[in-house]
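Here is an informal walk through one chain, strand by strand and helix by helix. Keep the viewer open while you read.

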Amino acid sequence: MNENDTIKTAIEGVNDDSRKALIGPNGWMLLVGCNSATNLAHAVKKEYDAYLQSTGSTCCVPILGSTDDNLTSVFPDTETCPRLNMSVAGSDAFVFQNVHENISGNTVNENLMQMFQMCWALREHGAMKITVITPYGGYSRQDKPTFMN
């Protein structure tokens, strides 16, 4: 079974009973892997599913995004457009995006824009809560301006 089959099975397996089992105060749990962080999102999903199985649950957390099927399309003029392949209404979405990475060749700004557009698309399609996970915070500085001495 390849990654696409696993994702398809996870998406098809998200019926109303599974969503109810995964529901929390902020909605049902959904993992979203942006183009530069699909591997990170899948690693978190694997660990969380193992935790669920160890507690006796038969649920699995649905995930959007894979290395074979990116959620954000990049047009020839470098504009980007996120595409969601399942309903996200009522979800508590966790968006994964590597802001600074060497795999895709994207700049920090391009990765940030993809992340912001994905958050906008999730909000427009009814996600109840959106949490962003980035291993590196671009534009965060450790030094203080000199006038703050």
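Let's start with one residue pair: Val32 stands opposite Leu64 in β3. That contact belongs to a parallel pairing of β2 with strand β3 (residues 63-64), which has two bridges. Bear in mind that the model is a predicted one.

**The overall layout**

Stepping back, the protein chain has four helices and seven strands. Along the sequence they come in the order α-α-β-β-α-β-β-β-β-α-β. The protein chain has 149 residues, and 36% of them count as buried.

**Strand β2 and its partners**

How many residues of strand β2 (residues 27-33) are buried? Seven of the seven are, so the rest of the structure largely encloses β2. Besides β3, strand β2 pairs with β1 and β6, and here is how those pairings go.

Strand β1 (residues 23-24) runs antiparallel to β2, with two bridges joining them. The link between β1 and β2 is a hairpin of two residues. Within this pairing, Ile23 has Trp28 of β2 as its bridge partner.

With strand β6 (residues 91-96), β2 pairs in the parallel sense, and this time there are six bridges. Two of the residue matches are easy to pick out: Met29 has Asp92 of β6 as its bridge partner, and Gly33 stands opposite Phe96.

The pairings in this part of the chain, side by side:

| Strands | Sense | Bridges |
|---|---|---|
| β1 and β2 | antiparallel | two |
| β2 and β3 | parallel | two |
| β2 and β6 | parallel | six |
| β6 and β7 | parallel | five |

**Strand β6, and on to β7**

Strand β6 is mostly covered too, with five of its six residues buried. Val95 sits in this strand, and its relative accessible area is 0%, so Val95 is buried. Val95 also makes a nice example of sequence distance versus space: Val95 and Thr38 are 57 residues apart in sequence, while their C-alpha atoms are 9.9 Å apart.

On to the next neighbour: β6 pairs with strand β7 (residues 129-133) in the parallel sense over five bridges. Phe96, already met opposite Gly33, has Ile133 as its bridge partner in β7. To get from β6 to β7 the chain passes through α4, and this β-α-β crossover is right-handed.

In the loop between β6 and α4 (108-124) you'll find Asn98. Is Asn98 buried or exposed? Its relative accessibility is 18%, and the cut-off for buried is under 20%, so Asn98 counts as buried. The Asn98 side chain reaches the backbone oxygen of Ser36 at 2.9 Å.

**Helix α3**

There is a second right-handed β-α-β unit to look at, made by β2, α3 and β3. Its helix, α3, covers residues 38-54. Does the length of α3 come out short or long, or what does the arithmetic give? With 17 residues at 1.5 Å a residue, α3 should span 24 Å, and the end C-alpha atoms are 24 Å apart, which agrees.

Now for the two sides of α3. Thr38, Ala41, His42, Lys45, Asp49 and Leu52 are buried. Why do they sit on the same side of α3? They cover an arc of only 95 degrees around the axis, and that puts them together there. On the other side of α3, the exposed residues are Asn39, Lys46, Glu47 and Ser54. Just past the end of α3, Gly56 takes a positive phi of about 90 degrees.

**A tyrosine pair on α3**

The model has one aromatic pair. The ring centres of Tyr48 and Tyr51 are 6.1 Å apart and the planes are at 45 degrees, so the pair is tilted. For reference, rings count as a pair if their centres lie within 6.5 Å, and the tilted class takes in planes that are neither under 30 nor over 60 degrees apart.

The sequence spacing fits the helix: Tyr48 and Tyr51 are three residues apart in α3, so about one helical turn separates them. In general, an α-helix has 3.6 residues a turn, so residues three or four places apart point the same way. As for solvent, Tyr48 is partly exposed, at a relative accessible area of 30%.

Terms used:
Residues are numbered from 1 along each chain as its sequence is written. This is a predicted model: local features need pLDDT of at least 70, side-chain atom pairs count only at pLDDT 80 or more; totals for chains, interfaces and linings use all residues. Side-chain values use heavy atoms; hydrogens and water are left out. Rings of Phe, Tyr and Trp (its six-membered ring) pair if their centres lie within 6.5 Å; planes under 30 degrees apart count as stacked, over 60 as edge-to-face and the rest as tilted. Buried means under 20% relative accessible area, exposed over 50%, partly exposed in between (1.4 Å probe, protein chains only). The expected span of a helix is 1.5 Å times one less than its number of residues. The arc is that of the directions from the helix axis to the C-beta atoms. Two strands pair if DSSP finds at least two bridges between them. A crossover is right-handed if, with the strands pointing away from the viewer, the path from the first strand over the helix to the second runs clockwise. A polar contact is a pair of N or O atoms within 3.5 Å; within protein, one must be able to donate a hydrogen and the other to accept it, and residues adjacent in sequence count only if both atoms are side-chain atoms.
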